[in-house]
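Let's take a walk through this one, starting at the surface and working inwards. Have the model open as you read.

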Amino acid sequence: MSGDEPRRGAAMTLNPMDRFIDGIEFAAAAFIGIVAVDIFVSVLLRYLFSASIPDSYDFGRLLLGILIFWGIAATSYRGGHITVDLVWAAAGPRGKRAIDVFATLVLLFVVTVQTAMLFDKVRTTRADHVLTYDLHLPTWPFFAVAWAGDVSAVILIAVRTYRLIFHPEKLAPDPIAKALE
């Protein structure tokens, strides 16, 4: 690595958008941890003490929904999701970039529509006063947190699209991650 290449780590100052992207990825990782703890504690209580967490099923499914939408946000910017790239692999550099831009624009459209529909779900869930089974807690805040993850995905896909078009060098793969693959 030469002296003028940016380095990732504590010594590197990230611009606000990169800090936002890292924050989204941290939030997604935190939700994975929360779901794992919920499952572990539920299983532990069920098999060792024949007890259960009130609303364990409701919390599990609602947290899983949150995890899915924040996971979409985390993978949207980095492009780390599952892809089929037979045509892309055969294309030249300009063709690859054109395919990337087109695919990202389609993804932006789809996730934007999904975000609008999820907001409608948040609104109707709140208006209908949907509650959990045991504790009678409102479920709309869980839907709202999932919706925030979807909004984050739209923002990150828009940033990815902008960078693909105007600053493709900012989307270069991380050399450390490539070395580990």
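On the surface, F102, V106, F109, V110, V113 and M117 make up a nonpolar patch, with about 600 Å² of accessible area together. Patches here join nonpolar side chains (Val, Leu, Ile, Met, Phe, Trp, Tyr) within 5 Å, from residues with over 30% relative accessible area and no salt bridge, that is, no side-chain nitrogen of Lys or Arg within 4 Å of a carboxyl oxygen of Asp or Glu. Areas are Shrake-Rupley values with a 1.4 Å probe, and for residues only the protein chains shown count as cover.

Bear in mind that this is a predicted model: local features need pLDDT of at least 70, side-chain atom pairs count only at pLDDT 80 or more, and totals for chains, interfaces and linings use all residues. Numbering runs from 1 along each chain as its sequence is written, and side-chain values use heavy atoms, without hydrogens and water.

Pick V110 from the patch: it sits in helix α4, helices being DSSP runs of H or I with at least four residues, numbered from the N terminus. V110 is partly exposed because its relative accessible area is 44%, between the cut-offs of under 20% for buried and over 50% for exposed.

Now for S56, in helix α2. S56 is buried, at 16%, and its side chain makes a polar contact with that of S42 (2.9 Å); the cut-off for such N or O pairs is 3.5 Å, with one atom able to donate a hydrogen and the other to accept it, and residues adjacent in sequence count only if both atoms are side-chain atoms.

Technical notes:
Helices (H or I, at least four residues) and strands (E, at least two) are DSSP runs, numbered from the N terminus. Buried means under 20% relative accessible area, exposed over 50%, partly exposed in between (1.4 Å probe, protein chains only). Patches are made of residues with over 30% relative accessible area and no salt bridge: like charges are joined within 9 Å, nonpolar side chains (Val, Leu, Ile, Met, Phe, Trp, Tyr) within 5 Å.
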